[in-house]
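Trainee: I have a structure open and would like to learn how to read it. Could we go through it together, one question at a time?

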Amino acid sequence: MSMKRPYQITGVVFLILAAFIAWESLELQFYSYIGPGPGFFPFWLALVLGTLAVLMILQATFRRTDPMPADFFASRAGYLRVGAIVLALTATTALMKVLGFQLTMLGIIIFLLFALGRPSLVVTLLVSVAGSFGCFYLFNRLLRVPLPTAFFGF
Amino acid sequence: MESLQLLLDGFGTALQPTYLLYALVGCTLGTLIGVLPGIGPAAGTAMLIPATVGMNPTPAIIMLAAIYYGAMYGGTITSVLINTPGEAASAITCLEGYQMARKGRGGAALAISAIGSFIGGTIATMGLVLVALPLTRFALKFGPPEFFALMLVGLSLVTGLAGRSLIRALLSAVLGLLIAQIGIDLVLGAPRFTFGQMELLDGFGIVPVVMGLFGIAEIMINAESPSQNVFTTKMTTLIPTRKDLKDSALPIARGTGVGFLLGLIPGVGAIVPTFMSYAVEKRMSKTPERFGTGMIAGVAGPETANNAYANAALIPLFTLGIPGSPTTAVMMGALMMNGVFPGPTLFQEHGHLVWTVIASLYIGNIMLLILNLPLIPMWVAILKIPYSVLSVLVLVFCVIGVYSLNNSVFDIGVTLGFGLLGYAFRKLDIPLAPLVLTMILGPLMETGLRQSLEMSQGDISILFTRPLSGTLLVIALLVIATSTFRAFSAVKGETQV
């Protein structure tokens, strides 16, 4: 199997992105009395991006491409672990202001440790407490880095 | 000669045990802060300013300067060991340093970084003593046209960052330029591509972007494999070999030059010198195709440039009162808090203090070397932590570092977004360095061009008729022409997209 199809798809994605940016930049002022306006650079950059995307599609279609690396696709379990990281960071973004740093990180660390490696209970407890309450004490109390707190001072 | 006499007097004061202790504490704190992903020198120095409140100006400034360059070095450690830049300027070190660590040569990479940082920092400090004022006056000739031309030189080096495909490198570079367009237009103040989101008015911060592209993407890639044995090779040696030293000598010399010269120009920032140095090393190398596999020149050059820049950036601050980077702006604030106002009269009004601080820069550089070489085994021991636990801890530090920049959870989301982009780029073998370099250079270049055209009322010849900008443009065009020729020659016969 070669990298032909992935590069064709990537080229199409870049081409759609370029078209979108060019369209959006036309809504901005293109040129003003003092020179290029806010839309000038994005428009030309979008054209360059589009040209490169077309070149990528053409090369992938008409020339021989690299063979696909063995690890290009992960196993189902591998994708689940990657998904766990995405889910954890999404949850952190959504919950940190609501639950505060300490409770959010406590939950996230336990979840990630379980999803990525399943260490022993002692290690899980140590890492989750150090990464949540310990880090909060170090950064917020000692280094005065403002981290969010929610109910009960957590 | 008068400068040397004043410097010797400065050494007389800076070598007092109390001041040595402050420098040591500053170096240690700076290194520890620099190690934390996302918390760079600017944030680290600002964070530790309260620690100097109540001190006399001399020890306070000695300590803050030590924190500053300690943090610059500290950022390297996580870049090399876990592919997560401690600060944005160290991002480029990930490319070669991390590959060295995976081959069991993380200790050598850190040692070369420490040695290069020491040499770069010391030579830049010598420059501060000997040629500060004339060079700064020269740097002040940089108006918008010269700045645009200089940034174009930087941009022309992007082709040198290409891996196996020029098209993929250029796609990455153009995407970086487009990402830099997001936010308020700096000349007319119009919002661009913000889609009504307040958080996007300032655009994407460089720290969340590099943390995502390098750190989070690395964790995702490693999470795919069941064993997650990232460091399959045992750490062989912690000290660089004779060949390492020989291979690093010229990159260190070139890195010093790049970092020192760019440090003189206000507004360049600490990231540009490191990326430029890497591009220069790849261009100068006889085996550029081996870059990305753990070439020590790719660590030595940028790390030297990083510290040479850090020390040289103090020159416009001390002599003209112009802070050239966020960190030097924090330093300027700290100086003013202590009743010291940087500018042309600084050497007359606070001569003794300034020369003591300059002397302490020399001492601090030596101290940093002595402090960090023995600590390398301790840092490398981090890799003995099981990767599943280490990756979770890195994620926690990334979250703290990114959040602390603007107290914004939006930045955590940005980090995740760029993590996914970095993951996809790694899979597709699209290089990340061009994206980061152009994202930094893009706004500087656009502002330079638009201000130039404003100066000339739309006449583009202003870029060619001024001697300095004309020369720089010729250099940029030559670099683009030769590297494009080289790139096409290299892939001639090959068919990579």
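**Where the chains meet**

Mentor: Happily! The contact takes 59 residues from chain A and 47 residues from chain B. Keep in mind as we talk that this is a predicted model.

Trainee: Which element gives the largest share of the side of chain A that touches chain B?

Mentor: Start with the elements that give two or more residues to that side: helix 1 (4-25), strand 2 (35-36), helix 2 (40-62), helix 3 (76-116) and helix 4 (121-142) of chain A. Now look for the largest share, which is 17 residues. Those residues come from helix 3 of chain A.

Trainee: How many residues of that side of chain A are nonpolar?

Mentor: Sort the residues on the side of chain A that touches chain B into three groups. Seven are charged and 13 are polar. The nonpolar group numbers 39.

Trainee: Which residues does Val409(B) touch, apart from those up to four places away in sequence?

Mentor: First find Val409(B) in the loop between helix 18 (387-406) and helix 19 (410-428) of chain B. Val409(B) is buried, because 21 other C-beta atoms lie within 10 Å and 20 or more are needed. Its contacts include one residue of chain B, Tyr403(B). On the chain A side, Val409(B) touches Thr93(A), Met96(A) and Lys97(A).

**Inside the core**

Trainee: Which element gives the most to the largest nonpolar core?

Mentor: This core holds 215 residues, and Ile62(B), Val174(B), Val210(B), Phe275(B) and Val436(B) touch the most other members. It also draws at least three residues from each of domain 1 (4-62) and domain 2 (76-153) of chain A. The element that gives the most, with 17 residues, is helix 4 (residues 57-82) of chain B.

Trainee: What is Ile62(B) in contact with, leaving aside its neighbours within four places in sequence?

Mentor: Ile62(B) is one of the core residues that touch the most other members, so it is a good place to zoom in. Beyond its sequence neighbours, Ile62(B) is in contact with Ala14(B), Tyr19(B), Tyr22(B), Ala23(B), Gly26(B), Val357(B) and Ser360(B).

**The shape of each chain**

Trainee: What is the radius of gyration of chain B, and what would a compact globule have?

Mentor: Chain B fills a box of roughly 65 × 60 × 50 Å along the principal axes, judged by its C-alpha atoms. With 497 residues, a compact globule would have a radius of gyration near 23 Å. Chain B agrees with that, at 22 Å.

Trainee: How much of chain B is buried?

Mentor: Chain B has 22 helices and two strands. Of its contacts with a separation of 6 or more, 80% join residues 24 or more positions apart. Buried residues make up 62% of chain B.

Trainee: How far apart are the centres of the two domains of chain A?

Mentor: Chain A is divided into domain 1 (4-62) and domain 2 (76-153). Taken over C-alpha atoms, their centres are separated by 39 Å.

**Some single residues**

Trainee: Is Phe152(A) buried or exposed?

Mentor: Phe152(A) sits in the segment after helix 4 of chain A. It has 8 C-beta neighbours inside 10 Å. A residue with 12 or fewer counts as exposed, so Phe152(A) is exposed.

Trainee: Asn83(B) and Phe195(B) are not glycines, so what is the sign of phi in each?

Mentor: Most residues other than glycine have a negative phi. Asn83(B), in the loop between helix 4 and helix 5 (93-102) of chain B, has a phi of about 60 degrees. Phe195(B), in the loop between strand 2 (191-192) and helix 10 (206-224) of chain B, has a phi of about 50 degrees. In both residues the sign is positive.

Trainee: Which of these is buried and which is exposed?

Mentor: Count the C-beta atoms within 10 Å again. Phe195(B) has 8 and is exposed. With 25 such neighbours, the buried one is Asn83(B).

**How confident is the predictor?**

Trainee: Where is confidence lowest among the elements of chain B?

Mentor: Chain B averages a pLDDT of 83, and chain A has a mean of 91. Within chain B, helix 19 has the highest mean, at 95. The lowest, at a mean of 68, is helix 7 (residues 132-139) of chain B.

Trainee: What ipTM does the predictor give the complex?

Mentor: Two scores describe the complex. The pTM is 0.82, and the ipTM is 0.95.

Conventions
Residues are numbered from 1 along each chain as its sequence is written. Chains are lettered from A and ligands numbered from 1 in the order in which they are written. This is a predicted model: local features need pLDDT of at least 70, side-chain atom pairs count only at pLDDT 80 or more; totals for chains, interfaces and linings use all residues. Two residues are in contact if their C-beta atoms, placed from the backbone, lie within 7 Å. Helices (H or I, at least four residues) and strands (E, at least two) are DSSP runs, numbered from the N terminus. Ala, Val, Leu, Ile, Met, Phe, Trp, Tyr, Cys and Pro count as nonpolar, Asp, Glu, Lys and Arg as charged, and the others, Gly among them, as polar. A nonpolar core is a set of buried Ala, Val, Leu, Ile, Met, Phe, Trp, Tyr and Cys residues joined through C-beta atoms within 7 Å. Domain bounds come from an automatic or database domain assignment. The radius of gyration is taken over C-alpha atoms; the globule rule is 2.2 Å times the number of residues to the power 0.38. pLDDT is the predictor's confidence in each residue, from 0 to 100.
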